[in-house]
Amino acid sequence: MSAMVEIDDIRKIYDGGFEALGGVTLDIEEGEILALLGPNGAGKTTLISIICGITLPTGGHIRVGGHDVVSDYRAARTLIGLVPQEVNLEPFEKVINTVKFSRGLFGKGADDSYIEELLRRLSLWDKRNAAIRELSGGMKRRVLIAKALSHQPRVLFLDEPTAGVDVELRRDMWEIVAGLKADGVTIILTTHYIEEAEAIADRVGVINKGQLLLVEPKDELMERMGQKRLRIDLQEPVSEIPASLKGYDLALADEGRALMYVYDTRADRTGIATLIKEMSAAGLVLRDIQTSQNSLEDIFVGLVHEQEGAA
């Protein structure tokens, strides 16, 4: 695969000196889904705005499909579809006219069959002649998605696309994303629903305070940084961990009714068998055992806290 989006040392400093982006470099491959995670104010929307030509960078260069987003703006922008966070639509216009107009803005000829297919996929066909102001919030979000896809872009940005929408729309959205990926469309997703990134992304980027902390294949990230936790429920609560078990990474939980043991899934030995044996020797009676894997959310929060601690 070749890079569809090339981001080279992008910086953005606003009037007053606030640095929204501090030198971001990233290649996004054709046909991949990249999930960009970060807290509010991390720089996600600023980066997307620069790529889409909405905001000018202070420094650096970005190319989309080989076209510079500043010097060759029209060619670059034609390749891009954007679903923004904000719902900003003409309230008195009909749904179908809104979508057709967006297609025309990009110089695309009329294609009624494609527009019908798109509206049907988004459950908007029955509402095609309704005015935007007559739609629910979820339906308006569907219109935004239809507008972004109206000119058949090769790169699609989804900036918090399912924030505050119904479960049905979220399911429909990810079905459409899967279909676009199969067609080779490059998709960049920002989301607060980390489970969505965990489910559909090929790679995960973590950004905070304008700095890209890492970009890795999702599965490798989970394997490299993932840990498992073993919860050991006790028959009787304890007030402290027995001295014979001090060598283990144990912590009391649930007011002494459980012990938590963290271990590395990559290690040759987990130490669980020896731990249980020594617990029995210490007079602790086990009632139940449960394991849980670190989620992508745990990893994300850990990275952000680590950066803040080093600041």
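**Exercise 1.** In this predicted model, determine how helix H3 (residues 95-105) is oriented relative to helix H5 (residues 137-149), given the crossing of their axes.

*Solution.* Begin with the geometry: the axes of H3 and H5 come within 8 Å and cross at roughly 30°. Next, apply the cut-off, under which angles under 35 degrees count as roughly parallel; H3 is therefore roughly parallel to H5. Finally, add the handedness, which is right-handed where H3 passes H5.

**Exercise 2.** Identify which residues of H3 and H5 meet, and sort the contact by class.

*Solution.* On the H3 side the residues are Val95, Thr98, Val99 and Ser102, and these meet Val143, Ala146 and Lys147 in H5. Sorted by class, the contact of H3 with H5 comprises 4 nonpolar, 2 polar and 1 charged residues.

**Exercise 3.** Work out the orientation of H3 with respect to helix H4 (residues 112-121) from the angle at which their axes cross, and describe the residues that make the contact.

*Solution.* The axes of H3 and H4 come within 11 Å, and their crossing angle is roughly 125°. Because angles of 65 to 115 degrees count as roughly perpendicular and those over 145 as roughly antiparallel, with the rest oblique, H3 and H4 are oblique to each other. The handedness of this crossing is right-handed. H3 contributes Val95, Ile96, Val99, Lys100 and Arg103 to the contact, while H4 contributes Asp112, Tyr114, Ile115, Leu118 and Leu119. Divided by class, the residues of this contact are 7 nonpolar and 3 charged, with no polar ones.

Notes. Residues are numbered from 1 along each chain as its sequence is written. This is a predicted model: local features need pLDDT of at least 70, side-chain atom pairs count only at pLDDT 80 or more; totals for chains, interfaces and linings use all residues. Side-chain values use heavy atoms; hydrogens and water are left out. Axes are lines fitted to C-alpha atoms, for helices over the stretch in contact, and angles run from 0 to 180 degrees between N-to-C directions. Helices (H or I, at least four residues) and strands (E, at least two) are DSSP runs, numbered from the N terminus. A crossing is left-handed if the near helix is turned anticlockwise from the far one by less than a right angle, and right-handed if clockwise. Contact means heavy atoms within 4.5 Å. Ala, Val, Leu, Ile, Met, Phe, Trp, Tyr, Cys and Pro count as nonpolar, Asp, Glu, Lys and Arg as charged, and the others, Gly among them, as polar.
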